[in-house]
Amino acid sequence: MHITIPAAAARLLARLNDHGYEAYVVGGCVRDALMGRTPHDWDICTDALPQQVKEVFAGHPIHDTGIRHGTVLVMEQGEGYEITTFRVDGDYSDHRHPDRVSFVRSLREDLARRDFTVNAMAYHPSAGLIDLFGGEADLAAGVIRCVGEPSERFAEDGLRILRALRFAARFCFQVEERTGQAMHAQRALLDYIAAERIFSELKGFLSGGGVCALLLEYRDVFAQFLPEICGMFDFCQYNPHHCYDVWTHTAHAVECAPPETVLRLTMLFHDIGKPSCFTRDERGIGHFLGHPEVSAQLANDILRRLRSDNRLREAVVRQVRSHDWPLPETERAGRRFLARLGEEGARWSLAVHRADILAQHPATQPAKLERLARAEALLDDLLAQQACFQLKDLAVNGRDLIDLGLAPGPSVGQELKRLFALVIEGECPNERGALLARVQRPKEHAETT
Ligand code: ATP
Ligand code: MG
């Protein structure tokens, strides 16, 4: 099996070999290259100790911030390459950080401490592929399987449970049976993992292609750190728009959304408030009045707990809150839609609507998709007209109002907002002359309001 490795990486391997050391590219890059994907970085492992690596590359730009874990970053042709000494992890008394790492002499031991067979292969241009655990076969079969005994590997590091789901989702792979059993059985190990690391794996998982089946099959694993989702499990909707229970609908909706973090998180949480808003009318039909607001609040709490950055959290919460808004059918409604969500938010909202529709009862989809297409065309038109959707797009500014005699101060801002509302409502074109003619001075203001 031949892999084409970057010339710079090959030079680093050759230089280590010339000094009498073993060296290989290893891990994710070997896996990606065998799959025909372009690796985003080429990690190198070697039997040279970190100090020896530094000596071999004396004169090269080097960063040794990872040296405690055996990693030296060597720059070659403007790219950084992590060169890590063969190592094994010490005991994991806390299920998340090895108490120490120890350097070892053999590649075999280094490969054996890696998480999954597909991640535990090394490659050298002359030695070829070094695959001691059947990684190549698992890659061909599309299987995520632990190296060694799954329950031991997860006990060492609970984060591997989510890494397994992330890789399975990214490559649309199956989780090998015993590996999967151990993930269910040992999901409580996730309690030991820092929220930031969980969230980072969750985002990675959600951007994968095969998320729906995994969300369904491993719902207990997700519920370990998202207990709020349990209410959705098997929750029957008693509603002709739906053919799935709330969680099954959610899982489908996530996969139907484009793989962007904001959208996937929005779909994950959009109906999380439904169970607590459920009522049935006299005909037995289920309703969920007010659920978007409840979902938005839950999403906000969860994203805070997971230490999401504020921008992402706010964007998701806004999309969850607005996911059930009627789509605009008139220009005025379109302008309001754009004014409330902004251009990017409006586009996200259309994607959210689409994903939601595609996860609903198939019989109800064509009419809804048609309405969606009309809303999309309407917003495209409005945006192409360069219409005004934010205060800063208004054809007049505060200076203009002051020149007209308004006293500088808060009343200028208020008057700008009033003019902006006139434009959004279609009561005044966004033109300087027209707007200036509508300016009210504070005295007139007091008379008319
Ligand atoms: P990605 O494309 O997401 O970067 P990757 O396989 O390169 O995938 P990394 O997290 O960058 O994943 O880790 C590099 C390699 O280190 C992995 O391929 C694996 O061999 C090993 N590894 C990383 N994290 C763990 C872990 N928690 N337990 C065991 N081995 C790990
Ligand atoms: Mg990597």
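Relative accessible area is classed as buried when under 20%, exposed when over 50% and partly exposed in between, with a 1.4 Å probe and protein chains only. Under this scheme, Asp403 is exposed, at 57% relative accessibility.

The structure is a predicted model, in which local features need pLDDT of at least 70 and side-chain atom pairs count only at pLDDT 80 or more, whereas totals for chains, interfaces and linings use all residues. Residues are numbered from 1 along each chain as its sequence is written, and side-chain values use heavy atoms, with hydrogens and water left out.

**Salt bridges**

A salt bridge is a side-chain nitrogen of Lys or Arg within 4 Å of a carboxyl oxygen of Asp or Glu. The whole structure holds 30 salt bridges, including those tabulated here.

| Pair | N to O distance |
|---|---|
| Asp138 and Arg145 | 2.9 Å |
| Arg160 and Glu156 | 2.7 Å |
| Arg399 and Asp403 | 3.4 Å |

**Surroundings of the pairs**

In the pair of Asp138 and Arg145, the acidic partner Asp138 is buried at 5% relative accessibility, while Arg145 is partly exposed at 31%. For the pair of Arg160 and Glu156, Arg160 is the buried residue, with a relative accessible area of 5%, and Glu156 is partly exposed at 24%. These two residues also belong to a network of salt bridges that links Arg153, Glu156, Asp157 and Arg160.

Arg399 and Asp403 both lie in helix 18 (residues 398-403); because they are four residues apart there, about one helical turn separates them. Helices are DSSP runs (H or I) of at least four residues, numbered from the N terminus.

Notes: Chains lettered and ligands numbered in written order. Helix = DSSP H or I, 4+ residues; strand = E, 2+ residues; numbered from the N terminus.
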